[in-house]
Amino acid sequence: PAFFINGRLLPGAVPFAQFKTIIDEELNGTAAGTVERKTVGVGDLPVLGQEAAKVVVVEFSDYECPFCERHFTQVEGELKKEYIDSGKVKFYYRDFPLPQIHPGAQKGAEAARCAGDQGKYWEYHDLVFANQETIF
């Protein structure tokens, strides 16, 4: 997986502590002035959190990727509890299937969008990552 936190790249399935450091810098305005930022469009991506959140996290992820699953099981719950549910972070999920190494990822992403059309995007997202081994 890869993440952009207010445009700052954080690559890989990293521990919660690395997210916390960057998010807290963004919340406190203590990020170095030389931090490189990218503009990441969000369009109609699935989103959690409040509109007025000061920090925006965009995750690029693949439903079949074991590292993306590790992020889900080890970090996402803490992010949600500490930052998203408290209104500090708005969290977007961007499908980034890698079909050349994960043949089921594209269909997984398509199914996620179908679930979203039925108002069940996050339920699907959580179910797939919680059962990745048996699904793929």
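**Local environments and a helix crossing**

Asn6 comes out as partly exposed, since its relative accessibility is 22% (buried is under 20% relative accessible area, exposed is over 50% and partly exposed is in between, with a 1.4 Å probe and protein chains only). The model behind these values is predicted, so local features need a pLDDT of at least 70 and side-chain atom pairs count only at pLDDT 80 or more, while totals for chains, interfaces and linings use all residues. Numbering starts from 1 along each chain as its sequence is written, and side-chain values rest on heavy atoms, with hydrogens and water left out.

Asn6 sits in the loop that links strand E1 (2-5) to strand E2 (helices are DSSP runs of H or I with at least four residues, strands are E runs with at least two, and both are numbered from the N terminus). The backbone is worth a glance here: phi of Asn6 is near 50°, a positive value in a residue that isn't glycine.

Past that loop, strand E2 covers residues 8-11 and includes Leu9, and Arg8 belongs to strand E2 too. Arg8 is buried, given its 10% relative accessibility. Leu9, with a relative accessible area of 48%, falls into the partly exposed class. Setting aside residues within four places in sequence, Arg8 is in contact (heavy atoms within 4.5 Å) with Phe3, Ile22, Glu25, Glu26, Ala31, Val35, Glu36 and Arg37. With the same kind of neighbours left out, the partners of Leu9 are Ala2, Phe3 and Phe4. Val35, one of the Arg8 partners, has its C-alpha 9.7 Å from that of Leu9, with the two positions 26 residues apart along the chain.

Another charged side chain turns up in strand E5, namely Lys90. Lys90 is buried, as its relative accessible area is just 7%. Its side chain makes a polar contact of 3.2 Å with the side chain of Glu51 (a pair of N or O atoms within 3.5 Å; within protein, one must be able to donate a hydrogen and the other to accept it, and residues adjacent in sequence count only if both atoms are side-chain atoms). Beyond four places in sequence, Lys90 touches Val47, Leu48, Gly49, Gln50, Glu51, Ala53, Val55, Val56 and Val57.

His102 comes after that strand, in the loop running from strand E5 (89-95) to helix H3 (105-117). Although in a loop, His102 counts as buried because its relative accessibility is 11%. Contacts outside its four-place sequence neighbourhood go to Asp62, Glu64, Cys65 and Pro66. With Asp62, the link is a side-chain polar contact of 2.9 Å. Val55, by contrast, is 47 residues from His102 in sequence and 31 Å away in space, C-alpha to C-alpha.

What about the cysteines? A search of the whole structure gives 0 disulfides (pairs of cysteine sulfur atoms within 2.5 Å). Cys68 is in none, and its nearest cysteine sulfur belongs to Cys65, at 3.3 Å. Cys68 is part of helix H2 and is buried, on the strength of a relative accessibility of 2%. Cys114 is partly exposed, its relative accessibility being 44%. With neighbours up to four places away ignored, Cys68 touches Pro1, Ser61, Asp62 and Phe129. Asp62 is thus shared, since it is also among the contacts of His102. The C-alpha atoms of Cys68 and Gly12 are 8.2 Å apart, for a sequence gap of 56 residues.

Helix H2 (residues 66-84) also packs across helix H4 (residues 121-130): their axes come within 9 Å and cross at roughly 110° (axes are lines fitted to C-alpha atoms, for helices over the stretch in contact, and angles run from 0 to 180 degrees between N-to-C directions). H2 is therefore roughly perpendicular to H4 (65 to 115 degrees; under 35 is roughly parallel, over 145 roughly antiparallel, and the rest oblique). On the H2 side the contact uses Cys68, Glu69, Phe72 and Glu76, and on the H4 side His125, Asp126, Phe129 and Ala130. By class that gives 4 nonpolar, 1 polar and 3 charged residues (nonpolar: Ala, Val, Leu, Ile, Met, Phe, Trp, Tyr, Cys and Pro; charged: Asp, Glu, Lys and Arg; polar: the others, Gly among them).

Further along helix H2 is Glu78, which is partly exposed because its relative accessibility is 39%. Outside the usual four-place window, Glu78 touches Phe16 and Tyr83. The C-alpha atoms of Glu78 and Phe16 are 7.2 Å apart, although 62 residues separate them along the chain.
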